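Reader: I would like to go through this structure step by step. Please give the reasoning before each answer.

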Amino acid sequence: MEIDLTLIGMEKGMQYETIITTTDEKNIPNAAPIGVLCSGRDMILNRIFKGRHTLENIISQREFTVNITHDPELFTLSTIGNLPSDYFSNDNSIKGADAYFKCEVISLKEAVKQSDPIRKKGEAIVIKSKVTDMVIRREVKAFNRAFSCVIETLANFTRFDLVDETKKQYYLSRFTECSRVVNKVGGKEEKQAMGEIKKELIKKGYEI
Ligand SMILES: Cc1cc2nc3c(=O)[nH]c(=O)nc-3n(C[C@H](O)[C@H](O)[C@H](O)COP(=O)(O)O)c2cc1C
């Protein structure tokens, strides 16, 4: 089928949460949630920390599969361990994924970005890849975390006047974290929404 990431809702410059499946040199499958930055209709970037199986497999095999799903079980199982082998299709996509695309590595570079909250410079590799095949099983839009952050911030905002000072400080720290994520992965609309909520919090007398 036509290779065009906009068909699964992926826009250039935006980051999406996916599950990447890889194989090792013995053809053993592995799955892990990994962010995908869309850099064109058939180009993506990943930043993967050293020590992950996914990174080792991508370096050794120079190819991988990006699975698009909104299934919390698939994300959870592949985060806390590996997916059982019967979750993988013969082509190493996840059977339950709504869509998937295959990638070939173009380049691997040491990451220099330092904005990650827990990691430092030089501990990750940025992978540039070309999409070589695409399968859409069901209509789906790749998941972007920014909208969830806006909704969570709004839910906290509606409770803000009802809670004590300790809880207010907790909501403000959540606001700061959600803003960080929105600035990193969100689009114009989500950034604008967070800016509007920030103004309301400032009106209430809080510095953020
Ligand atoms: C939603 C989500 C997105 C993630 N994105 C990344 C990422 O972009 N890069 C990365 O190195 N780890 C990322 N992780 C963490 C890895 O998925 C996690 O460390 C996983 O256990 C790695 O498994 P592996 O060793 O089988 O590759 C993410 C985790 C989640 C839940």
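Reader: Which residue in E3 does Gly40 stand opposite?

Author: This is a predicted model. E2 and E3 pair in the antiparallel sense, over three bridges. A hairpin of two residues joins E2 to E3. Gly40 ends E2, which spans 29-40, and its opposite number in E3 is Met43.

Reader: Which residue in E6 is the bridge partner of Met43?

Author: E3 also pairs with E6, residues 124-136, and the two run antiparallel with seven bridges between them. Met43 stands opposite Gly40 on the E2 side. In E6, the bridge partner of Met43 is Lys130.

Reader: Which residues make up the covered face of E3?

Author: E3 covers residues 43-49, and its residues divide into two faces. Met43, Leu45, Arg47 and Phe49 belong to the uncovered face. The covered face consists of Ile44, Asn46 and Ile48.

Reader: Which residue in E6 does Ala99 stand opposite?

Author: E5 spans residues 99-110 and runs antiparallel to E6, with 11 bridges joining the two. Ala99 is a residue of that E5 range. Across from Ala99, in E6, stands Ile136.

Reader: In what order do the strands of the closed barrel run?

Author: The pairings of E3 with E2 and with E6 place E3 between those two strands. E6 pairs with E5 as well. The closed barrel has six strands with antiparallel pairing, and its order is E1-E2-E3-E6-E5-E4.

Reader: What does the twist average from one strand to the next?

Author: The strands concerned form a closed barrel of six, with antiparallel pairing. From one strand to the next, the twist averages 45°.

Reader: How do the elements of the protein run from the N terminus on?

Author: The protein has five helices and six strands. The C-alpha atoms fill a box of roughly 60 × 40 × 30 Å along the principal axes. Written from the N terminus on, the elements run β-β-β-α-β-α-β-β-α-α-α.

Reader: Are H3 and H4 roughly parallel or roughly antiparallel to each other?

Author: H3 is residues 145-159 and H4 is residues 165-185; their axes come within 9 Å and cross at roughly 160°. The crossing is left-handed. Angles over 145 degrees count as roughly antiparallel, so H3 and H4 are roughly antiparallel.

Reader: Are H3 and H5 roughly parallel or roughly antiparallel to each other?

Author: H5 is residues 188-203, and H3 packs against H5 at an angle of about 20°, with the axes 10 Å apart. H3 passes H5 in a left-handed crossing. Angles under 35 degrees count as roughly parallel, so H3 and H5 are roughly parallel.

Reader: Which element supplies the largest share of the shell around the ligand?

Author: E2 (29-40), E3 (43-49) and H1 (53-61) each supply at least two residues of the shell. By class, the shell has five nonpolar, five polar and three charged residues. The largest share is five residues, and these come from E2.

Reader: Which of the 13 residues around the ligand come nearest?

Author: E2 spans 29-40 and H1 spans 53-61, and both contribute to the shell. The residues that come nearest to the ligand are Ala32, Pro33, Gly35, Arg52 and Thr54.

Reader: Is Ala31 buried or exposed?

Author: Ala31 lies in E2. The C-alpha atoms of Ala31 and Leu74 are separated by 9.2 Å, although the two residues are 43 residues apart along the chain. Burial needs 20 or more other C-beta atoms within 10 Å. Ala31 has 28 of them, so Ala31 is buried.

Reader: Is Asn27 buried or exposed?

Author: Asn27 lies in the loop between E1 (15-23) and E2. Asn27 has a positive phi of about 70° although it is not a glycine. A residue is exposed if 12 or fewer other C-beta atoms lie within 10 Å. Asn27 has 8 such neighbours, so Asn27 is exposed.

Reader: What does Asn92 count as, with 19 C-beta neighbours inside 10 Å?

Author: Asn92 lies in the loop between H2 (72-80) and E5. Asn92 has a positive phi of about 70° and is not a glycine. Counts between the exposed limit of 12 and the buried limit of 20 fall in between. With 19 C-beta neighbours inside 10 Å, Asn92 therefore counts as partly exposed.

Conventions: Residues are numbered from 1 along each chain as its sequence is written. This is a predicted model: local features need pLDDT of at least 70, side-chain atom pairs count only at pLDDT 80 or more; totals for chains, interfaces and linings use all residues. A residue is near a molecule or strand if its C-beta atom, placed from the backbone, lies within 6 Å of it. Helices (H or I, at least four residues) and strands (E, at least two) are DSSP runs, numbered from the N terminus. Ala, Val, Leu, Ile, Met, Phe, Trp, Tyr, Cys and Pro count as nonpolar, Asp, Glu, Lys and Arg as charged, and the others, Gly among them, as polar. Two strands pair if DSSP finds at least two bridges between them. Axes are lines fitted to C-alpha atoms, for helices over the stretch in contact, and angles run from 0 to 180 degrees between N-to-C directions. Angles under 35 degrees count as roughly parallel, over 145 as roughly antiparallel, 65 to 115 as roughly perpendicular and the rest as oblique. A crossing is left-handed if the near helix is turned anticlockwise from the far one by less than a right angle, and right-handed if clockwise.
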